[in-house]
Amino acid sequence: MDRISFTEAAEFLAERLRAGAPMRRVGIVVRASLEGMSDAGKRLDEVVQSAAARVNAALSKRLADLGDETQRDALRLSYAGSLRLPVVEQLEILNRSRQAESVTTAAARQEPCPVEVQRFLVEHCFQHRTAMVALAQKRDADLKSLRELSRHPDRDVRISVAANIGASMRLVEPQRTEEKLAVYNSLLHRYESDFAQLLVPVCRDGEQIAHMYARTTTTPNNGRLFVENPYTPDDVLLDISTSMRIRVMPGGSAVASEAKQQVEKRLSHDSEATPEPY
């Protein structure tokens with residue numbers, strides 16, 4: 001009979017970190033009967049405190065099983081929420097192990113990720129691609145950090161920033177509008193055709209739309225993005241409506257026809273609005 005072997009804790013956790021598996025928070029189920037107790041509130045507090053102590057003890061044991069300090073640091077940051085690691089302590093860990101991408105990636109993937117940690121990573125670990133992609137995808141991403149990431153040499157990082165800011169631009173947030181526009185405009189300086197589906201639908205500036213159109217691959221799907229944006233300039237719509245490249249592709253004729261209809265509708269509206277001469 002073959003011998004059954006079990007993975008040691010150190011090997012298991014190291015493999016989880018390498019695989020990028022999410023390890024953000026842990027907990028245990030607590031069942032306690034408080035029926036008939038006069039001091040139920042106090043008893044409940046004791047139960048919760050006991051449960052928290054057991055969680056911390058389990059995490060401490062896992063950390064002790066890891067022989068490498070870098071692995072321990074990565075694990076601490078993966079469980080930063082459960083451990084309630086203060087921001088100062090997280091920064092100390094990062095400062096000590098910032099050369100290890102497993103550590104910086106663990107810090108970037110935690111939910112929520114403190115702004116101070118995000119800015120530290122961008123300033124000191126910009127070359128860590130996996131960590132920067134994780135930062136760029138965060139719902140609570142710091143906008144100043146996103147602006148820096150919009151200039152990242154790695155395309156996947158910039159695409160992640162474009163997806164993030166494109167979704168954010170749909171939200172009405174007056175106090176964040178200026179910073180969001182700064183990120184958006186920074187991306188336009190490094191615009192690529194693949195950004196179209198993320199940035200074109202939320203653009204309200206005709207010149208910026210024309211700028212993106214000139215740098216976007218001419219396909220029916222991309223053409224529809226511009227046709228459906230009410231801020232698209234007439235000359236862009238005209239170009240789409242007369243583009244033979246679009247027309248010969250599947251679905252292209254419909255897009256070109258819609259572009260033509262949009263132009264005709266605008267011209268008709270303009271002529272009706274113009275007063276007749278005396």
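Does Tyr 191 count as buried or exposed, and at what relative accessibility? Keep that question in mind while you open the model, which is a predicted one, and select Tyr 191, because at 9% relative accessibility this residue counts as buried, the cut-off for that word being under 20%.

**The whole chain**

Before going further, colour the chain by secondary structure, and you will find 17 helices and zero strands. The chain has 278 residues, of which 38% count as buried. If you consider the contacts between residues at least 6 apart in sequence, 58% of them join residues at least 24 apart.

**The aromatic pairs**

Return now to Tyr 191 and add the aromatic residues, since the structure holds two aromatic pairs. Tyr 191 forms one of them with Phe 195, in an edge-to-face arrangement with 6.0 Å from centre to centre and 90° between the planes. Phe 195 is buried as well, with a relative accessibility of 0%.

For the other pair, select Tyr 213 and Phe 226, whose ring centres are 5.2 Å apart and whose planes stand at 80°, so this pair is also described as edge-to-face, the term used for planes over 60 degrees apart. Tyr 213 belongs to helix H13 (residues 206–214) and Phe 226 to helix H14 (residues 220–227), so the pair ties together parts that are 13 residues apart in sequence. Both Tyr 213 and Phe 226 are buried.

**Helix H14**

Stay with Phe 226 and extend the selection to the whole of H14, where six of the eight residues are buried, so that this helix is largely enclosed by the rest of the structure. The buried residues in H14 are Pro 220, Asn 222, Gly 223, Leu 225, Phe 226 and Val 227.

**Helices H3 and H6**

Next, select helix H3 (residues 69–78) together with helix H6, and look along their axes, which come within 8 Å and cross at roughly 5°. H3 and H6 are therefore roughly parallel to each other, as angles under 35 degrees are counted in that way. Where they meet, H3 contributes Thr 70, Asp 73, Ala 74, Leu 77 and Ser 78, while H6 contributes Ser 102, Val 103, Ala 106 and Ala 107. Sorted by class, this contact of H3 with H6 has five nonpolar, three polar and one charged residues.

**Ser 97, beside both helices**

Two of the residues you have just displayed, Asp 73 and Val 103, are also touched by Ser 97, if residues up to four places away in sequence are not counted. Ser 97 itself is found in helix H5 (residues 87–97), and it is buried, with a relative accessible area of 7%. Show the side chains of Ser 97 and Asp 73, and you can see the polar contact between them at 2.5 Å.

**Helices H6 and H8**

Finally, keep H6 (residues 101–109) in view and add helix H8 (residues 129–136), whose axis comes within 8 Å of the axis of H6 and crosses that axis at roughly 5°. H6 and H8 are therefore roughly parallel to each other. To display the contact, select Glu 101, Thr 104, Thr 105, Ala 108 and Arg 109 in H6, which meet Arg 129, Thr 130, Ala 131, Ala 134 and Leu 135 in H8. By class, the contact of H6 with H8 has four nonpolar, three polar and three charged residues.

Notes: Residues numbered from 1 in each chain as written. Predicted model: local features only at pLDDT ≥ 70, side-chain atom pairs only at ≥ 80, totals over all residues. Heavy atoms only, no water. Axes fitted to C-alpha atoms, helices over the stretch in contact; angles between N-to-C directions. Helix = DSSP H or I, 4+ residues; strand = E, 2+ residues; numbered from the N terminus. Parallel < 35°, antiparallel > 145°, perpendicular 65-115°, else oblique. Contact = heavy atoms within 4.5 Å. Nonpolar A, V, L, I, M, F, W, Y, C, P; charged D, E, K, R; others polar. Buried < 20%, exposed > 50% of the residue type's maximum accessible area, 1.4 Å probe, protein only. Polar contact = N/O pair within 3.5 Å; in protein donor to acceptor, adjacent residues only side chain to side chain. Phe/Tyr/Trp six-rings, centres within 6.5 Å; stacked < 30°, edge-to-face > 60°.
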